[in-house]
Amino acid sequence: MPVVIEAAQLSKRFILRHNPAGSVKERFLGLLHREKREIREEFWALRDVSLRIDRGEAVGLIGSNGSGKSTLLKLIAGIHRPTSGQMRIARGAHVGTMIELGIGFHPELSGRENVFLSASVHGLSREEIEAIYDDIVAYSGLEQFIDQPLKNYSSGMQMRLGFSISAHLRPDILLLDEIFAVGDADFQQRCMRTMRQFQDQQKTIVFVSHSPDAIRAICRRACLLDRGELRFDGSVDAAFDAYDRVRLARQGLPAPPPDLSPRPSAQPAAAPSRPAGWHRDAAGGLWEEVGQRQFAFLREQGLAPEDYVLDIGCGACRGGAHLIGWLKPGHYYGVEARPELVQAAIEHELVPLGIDPGAAHFIINGHFVFGETPQFDLALAQELFPQLTLNDVLRCTAAVLRTLKPGGRFFASFYDNAEGQYVDAIVHPGGGTSYADRPPFHYPFAVLEAALGAIGAKVRRLGAWGHPRGLAMLEITASERVGTR
Amino acid sequence: MLTRESSASADLVDATQAASFRSWLRFRELVRNLVLRDLRLKYRGSVFGFLWSLANPLVMVGVYTLAFGYILQVRTPAFVLFLVSGLLAWGYFAGSASMSTGAVIDSGSLVKSVYFPRAILPLSTVLFNLSQYLMTIAIVIPLVLALHRVPPSAPMICFPLFLALQTLFTIGVAFTLATLTAFMRDVRHFLEIGLQVLFWLTPIVYEFKSVPRAVQPWVLASPLTPYILGYQQSLYYREWPSAELVALAVVYAVASLLLGLFLFRRYEDRFTEQL
């Protein structure tokens, strides 16, 4: 299949203007007052992105807000010009943008007039618009209203008309931005059907969405953008996996302790709508696999039902789902910085599994302050150390050791820098990537051993333990020198 | 390494170039629809519709005729015809200039979500004002000519020539103002004052020949002067315009267009990104 879109070392810089000097007065004031002066800041929306897309491919673009997805679409569409590098598309290919629905719509004009206006904004000639006009109206189902001014349409009707226009533009390359975020289920299904038709006709689709379901339904390939850099390009599942890791790294445990006190004057906070299973993604993906593996590992280590267990970063109850029901009631203590994660896990994991959440204690805290707890036989920090700086690793370990029974053990998984020297990035068996300077961090074992030794911990390297992303395991115990403070 | 790869896919073109290849011809329909949109928005829902855009210039003509013809007793015969030849064209220019300041910055969502030649926006505001002007003169000028019992005469065919040149001049001004406003919102206020000064500097309500010799260069410095004089020559004096007058009209038109296109093309990327 021929290449239809090719980005070569593409970068795009925007100049952000703070205190923009929109008027002469402000410009003048800027001369006198430093704080009123316009400040220009460079913002690299894309950095050195290289990528090729073949005809007939459907590629999902994922990444958090501000990661450069929309900028990339706009560069493909020719709306923006690259700052450096090249953005090239197949000669003669007609690029259709669905970055916004109903582009150019005006409320005072009739549906018919808006169809002509909006379609001509996309570069269609009058003959071309006349040829598809009847189809557009029929597909939108708005025949009766087409001569009414648009202001009399409901927002749903406007969307239907806008989508119907977009669906009939017949581009060779279709660029979509988040339109699935709007509209009811019926509308979304209609969108998906249209997308599939485009695919059947060998059209190329580039699709920006936050919804894994929507991307999976259309694309086999996905690109992950993070702060303007292309961090991953490959299968959809692997891309979302990489996305999870990036997001986790961004959230960078520990977070400040959340304010759990009720806010008297505020409106009852509407629950933010999140896709089902988001808590699993937030916990780093591979929920079931990792959960089972760590449960099996703890039992291999001699975990008994009457043991007291402290699970730090218990998050989405990946371990909790196995441990809470298996341990004696009240013996499981989970620590988590993000209350909404625990909430979601209780609702979507524990309750459906028939596990009584009352049998567990959840401590919401991001500073390793555990409050009143019993002494633990066993503590677990799974996938936590890669998110912590060395200082926080020490802080966490010191706090855990203080709550362990004599002879208690603390198991912590970490990314092992087996070479022991300074290495920027390491790809581990299973595909996990760790970094020296940003999360997920890797540490040489010798560094952890020495640092933890300095605060009175004895560290043993258990090495690989079957973690799907190649994290290694540490066993940390208190040496005699750990004080009772 | 990369150059080698790229040569394998030689049939690719720059995305921004690809977008502008299809440009002008394809987007004729957009220009038409934008002009139609503005016309519809202006007249739809009002009882008298198009009559309103006749009312404004006619009231102006009435007021100026009263002030100059009767109160100041200016000795210009057929004063209404004199006034109409210049005043309506001035309205066309001033309307285009004011509207063009918002041509790009008020179309943010359009500019941000789809590619089309941005120059279409100021262009269509000028064309919208032109179509209003044409509709107005189509009624007013024959009416006034009939009122003064002026028979058709050959120099009247120069009218469309000056109109075409004024339109080119106005398009240049529209590009310039659309660009400047994007960087400095004050342009709108400057323009209001500037238009006042320009109006009195241009021989619209007074005859050029009655201007003292020492002041004449100043009057000619108003870029609108050659066009207004051209209209007056063809409709009021009904004499063939001098070659100098035509040359001056061409020079102003070309200069304005070049300046406008240069500014617009140079800064169009930058200000569309900042909307």
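## Close-up views of a two-chain model

**View 1. Chain B, overall.** In chain B, residues 24 or more positions apart account for 80% of the contacts with a separation of 6 or more. The model is predicted. Chain B holds 13 helices and 1 strand. Read from the N terminus, its elements run α-β-α-α-α-α-α-α-α-α-α-α-α-α. Of the 275 residues in chain B, 53% are buried. The accessible surface of chain B is about 13,200 Å². Carbon and sulfur atoms make up 68% of that surface.

**View 2. Chain A, overall.** Chain A contains 14 helices and 19 strands. It has 485 residues, and buried residues make up 53% of them. Take the contacts in chain A with a separation of 6 or more: 71% of them come from residues 24 or more positions apart. About 21,800 Å² of chain A is exposed. Carbon and sulfur atoms supply 50% of this area.

**View 3. Confidence in the model.** The model scores ipTM 0.86 and pTM 0.65. Chain B averages a pLDDT of 87, with 92% of the residues at 70 or above. Residues 1-9 of chain B stay under 50. For that stretch, the model has 10 contacts beyond four places in sequence. Chain A averages a pLDDT of 82, and 86% of its residues score at least 70. Over residues 253-273 of chain A, the pLDDT is below 50. Beyond near neighbours in sequence, this stretch of chain A has 19 contacts in the model. Where pLDDT is low, predicted coordinates should not be read in detail.

**View 4. Helix α6 of chain A and its cover.** Helix α6 of chain A spans residues 185-200. How far apart should the ends of these 16 residues be, at 1.5 Å a residue? The expected span is 22 Å, because the span is 1.5 Å times one less than the number of residues. The end C-alpha atoms are 23 Å apart, which agrees. Buried residues in α6(A) are Phe187(A), Arg190(A), Cys191(A), Met192(A), Thr194(A), Met195(A) and Phe198(A). Several elements of chain A help to cover them, including helices α4 (126-140), α5 (155-167) and α7 (212-218). Strands β6 (173-177) and β7 (204-208) are also among the cover. Just after α6(A), Gln202(A) takes a positive phi of about 65°.

**View 5. Helix α9 of chain B.** Residues 159-183 of chain B form helix α9. Its 25 residues should span 36 Å at 1.5 Å a residue. The end C-alpha atoms are 36 Å apart, which agrees. Is α9(B) largely enclosed or largely open? Of its 25 residues, 20 are buried, so α9(B) is largely enclosed by the rest of the structure.

**View 6. A nonpolar patch on chain B.** Leu66(B), Tyr70(B), Ile71(B), Leu72(B) and Val74(B) form a nonpolar patch on the surface. Together they have about 550 Å² of accessible area. Leu72(B) sits in the loop between α5 (51-71) and α6 (79-100) of chain B. Leu72(B) counts as exposed because its relative accessibility is 57%, and the cut-off for exposed is over 50%.

**View 7. A salt bridge between two strands of chain A.** Side chains of opposite charge can pair when their charged atoms come close. The whole structure has 24 salt bridges over all chains. In one of them, Glu42(A) pairs with Arg13(A). Their closest N and O atoms are 3.5 Å apart. This pair links distant parts of the chain, 29 residues apart. Glu42(A) lies in strand β2 (residues 39-54), and Arg13(A) lies in strand β1 (residues 3-18). Glu42(A) is partly exposed at 46% relative accessibility. Arg13(A) is partly exposed too, at 29%.

**View 8. A salt bridge within helix α4 of chain B.** Glu29(B) forms a salt bridge with Arg32(B). The closest N and O atoms are 3.4 Å apart. How are the two residues placed in helix α4 (residues 28-43) of chain B? They are 3 residues apart, so about one helical turn separates them. Glu29(B) is buried, at 5% relative accessibility. Arg32(B) is partly exposed, with a relative accessible area of 32%.

**View 9. Lys209(B) and Glu207(B), then a network in chain A.** Lys209(B) forms a salt bridge with Glu207(B), with the closest N and O atoms 3.7 Å apart. Lys209(B) is exposed at 63% relative accessibility, whereas Glu207(B) is buried at 9%. In chain A, salt bridges that share partners join Glu6(A), Arg52(A) and Arg88(A) into one network.

Key. Residues are numbered from 1 along each chain as its sequence is written. Chains are lettered from A and ligands numbered from 1 in the order in which they are written. Side-chain values use heavy atoms; hydrogens and water are left out. Helices (H or I, at least four residues) and strands (E, at least two) are DSSP runs, numbered from the N terminus. Buried means under 20% relative accessible area, exposed over 50%, partly exposed in between (1.4 Å probe, protein chains only). Contact means heavy atoms within 4.5 Å. Accessible areas come from the Shrake-Rupley method with a 1.4 Å probe; for residues, only the protein chains shown count as cover. Patches are made of residues with over 30% relative accessible area and no salt bridge: like charges are joined within 9 Å, nonpolar side chains (Val, Leu, Ile, Met, Phe, Trp, Tyr) within 5 Å. A salt bridge is a side-chain nitrogen of Lys or Arg within 4 Å of a carboxyl oxygen of Asp or Glu. pLDDT is the predictor's confidence in each residue, from 0 to 100.
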